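This report covers one sheet, one helix and one helix pair of the model shown below.

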Amino acid sequence: MHFEPKDLDYELSPYTGLTRKHWIDAGKYILEGVFKHVKTMDDPVLVPRYETEITYPNSHTPAWKVQAEYYEGLARSFFIAAPLISIDPDLEIAGKNMRKYYKDHILRSCTPGDDQYVLSYSDMNKDAEPSFMLHTYQQTVETCAMVIGLETTKSEIWDTYTKEERDLIASFLSDYAKGDTVPQNWRLFNMLDLAFLHMAGYEIDKGVMREHAQAILSYYTGDGWYRDGHSFDYYSAWAFQVYAPIWCRWYGYDNEPYIASEFEKNSNELMKTYDRLFDENGFVTMWGRSNIYRNAATAPFAANFNLKHPSANPGLARRIASGALLQFFGRDDILYEGSPVIGFYGPFTPMVQSYSCAESPLWLGKAFLCLELPEDHPFWQAKEENGVWDEMRKGEVRETVLNGPGLSIADFHDNGTMILRTGKVLKRIGDDNGRWCYAKLSYNSRYPWESDLSSGLSAASYVLKESDIEKTEQMNSILWSGERDGVLYRRALFGFDSSTEWHWTSMIDLADFPVSNGLVRADKLRLFHKPVDIYLGSYGFPCPDATYHVEKRENAEAVILKGRGSDGKTRHMAMTVYSGWGDWSVQKSTGTNPDTKESFVIFAHALREKVFAYEPYILISQVITKEGDEGFSEDEIFSIAEIKYKDKEQCGGYGPVEIKLKSGDEKVVDFSLMEGRLSL
């Protein structure tokens, strides 16, 4: 049963109706589903599993990680329980007193000999073999959630321990705080552990703290975003931009004022544009790894209020946070026997990562850190606002280009969607999950990414099939070249390996720009091997009952899908192909879409046969979407009025391509300056 908020307040919250009371109810709703599986006050927070091959613990799991599952369940549920306990110290969930439960189990998790002892860093590391890689363990992640919860419930839990009990817990936390950590966002876990210990009066190594903090600062790339390893994704939001502001308040302002001021500046920089990443309904887009954390992506808004000089718009922040809450909690399929599933909506194996367990989705509890803000805080008292969505006029698209992380965000007034185009992407060959999470041509807030179909083709992506050598090549890297005159330039590389010279790598130069309901593509082939079949997929269309028809106008052909989505709304998707393409197909798939079991994808197809032949280089296409009973107009489906090439053969081998739209707008696609501006 999905979450059903009662007594909605559309005066304070005209978009969602949700208030602080509804957030409290939503937290209880999740905890009730989790704790119905905790049979007694002595049992750990473990929920039923339906997937046992990818997630841990499994047959490959070391003994220490079995205990890590206990800690994940305890710590991540504490994200939700801690602010609720602070609000109501006598809170009972599923007949269990939450304050007593967490007080007892936090102590047990740190106590050697207890069957729920999750092992100290030293215990696990004493028999570890020397390694070039650092010795890192899942428990480090969870200690951070634990200290946030302990600080939130300081008077209700932490202060009620005896000195001996506090010392035991502090020793356990200190062991992880001083231990190895993954040299990326994980450093923040150690930093908050150290900061908590410092606030509690325990001695810490300030040099270790400073080393972690300077490193985190060095990952900053601008526009409010941090690089996490190779990648840019929501970890910049739900790790860097949640933990760093908390660290500023706990430790940084008093002890590292320069670093704290930089973290504050970076958080406020994110607030300038982060709202654009959510669509008209406040929906989160399925993009990047760990999307099982869902609406945790909204946590930076509330975290910004930890700063001395926050800049977040409280009414807009709450509107987005509440919209994302309803996006997920308003669905029945988000839960498996009461607890959030391993998926984006329902269970979805293609997006599952091996570092997750059944309790991992409870990291969405970060969104509930807003409940740490008092009832009279502007976050709860300001009237909801909807940012750019209230500013745009019919037909308008609001674009936000962030060169630091290589992200282009487009907000579409007419269909309410947000489309994200990414660059600076590098994934190893064979990393299918990485391709799906990062290397799609675009990510749509209403049409989550689809895994590869049984045919080997891929939605929202190019695929190359070379029949003479029986090889299929997938996009595994996207380089960023930035936006010029309203056109975004990137480069897609197929099967890219740094040990191979670029001239032996298949590439497509990407150029795309928005129209009222989607994107137009005018991409240029850079292929060294032929014959090759080139396929381009639309987004996955999550409507099991979909039907389609075809329309033709002069040199363009469009396939239009219509169906009913999981929310009961009528959906429309059209893919229009212009010059450079040959034919098309519509393929039905099962188990590849996170929204519905069955889905459809439209594919455009082109064949290039000779290696050294002057033949069409530019592939022009368009994909648009719409919801509601009204379908597309002719000018929406066939938005291009005229295409001009510079070469007499009209292949686009050289020179700019001029595209005149029926709206009267004109775009010039010019790849000539792209090569020297590529970045990763």
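**Sheet, buried helix and helix pair**

Four strands form an open sheet in the order S7-S8-S9-S11, with antiparallel pairing. Strand S7 (397–402) and strand S11 (443–444) lie at the edges with a single partner strand each, so one side of each has no neighbour in the sheet. S7 is joined to strand S8 (residues 407–412) by 6 bridges, and the two run antiparallel. Leu402 stands opposite Leu407 in S8. Pairing requires at least two bridges between two strands, as found by DSSP. Helices (H or I, at least four residues) and strands (E, at least two) are DSSP runs numbered from the N terminus.

This is a predicted model, in which local features need pLDDT of at least 70, side-chain atom pairs count only at pLDDT 80 or more, and totals for chains, interfaces and linings use all residues. Residues are numbered from 1 along each chain as its sequence is written, and side-chain values use heavy atoms, without hydrogens and water.

In helix H7 (residues 187–199), 11 of 13 residues are buried (under 20% relative accessible area, 1.4 Å probe, protein chains only). Among the buried residues are Arg187, Asn190 and Asp193. The helices that cover them are listed in part here, by contact (heavy atoms within 4.5 Å).

| Covering helix | Residues |
|---|---|
| H5 | 138–152 |
| H6 | 163–178 |
| H8 | 206–218 |
| H9 | 235–255 |
| H10 | 257–271 |

Gly201, with a positive phi near 95°, follows H7.

Helix H1 (residues 20–35) and helix H2 (residues 63–87) pack at about 130°, their axes 10 Å apart.

How values were computed:
Buried means under 20% relative accessible area, exposed over 50%, partly exposed in between (1.4 Å probe, protein chains only). Axes are lines fitted to C-alpha atoms, for helices over the stretch in contact, and angles run from 0 to 180 degrees between N-to-C directions.
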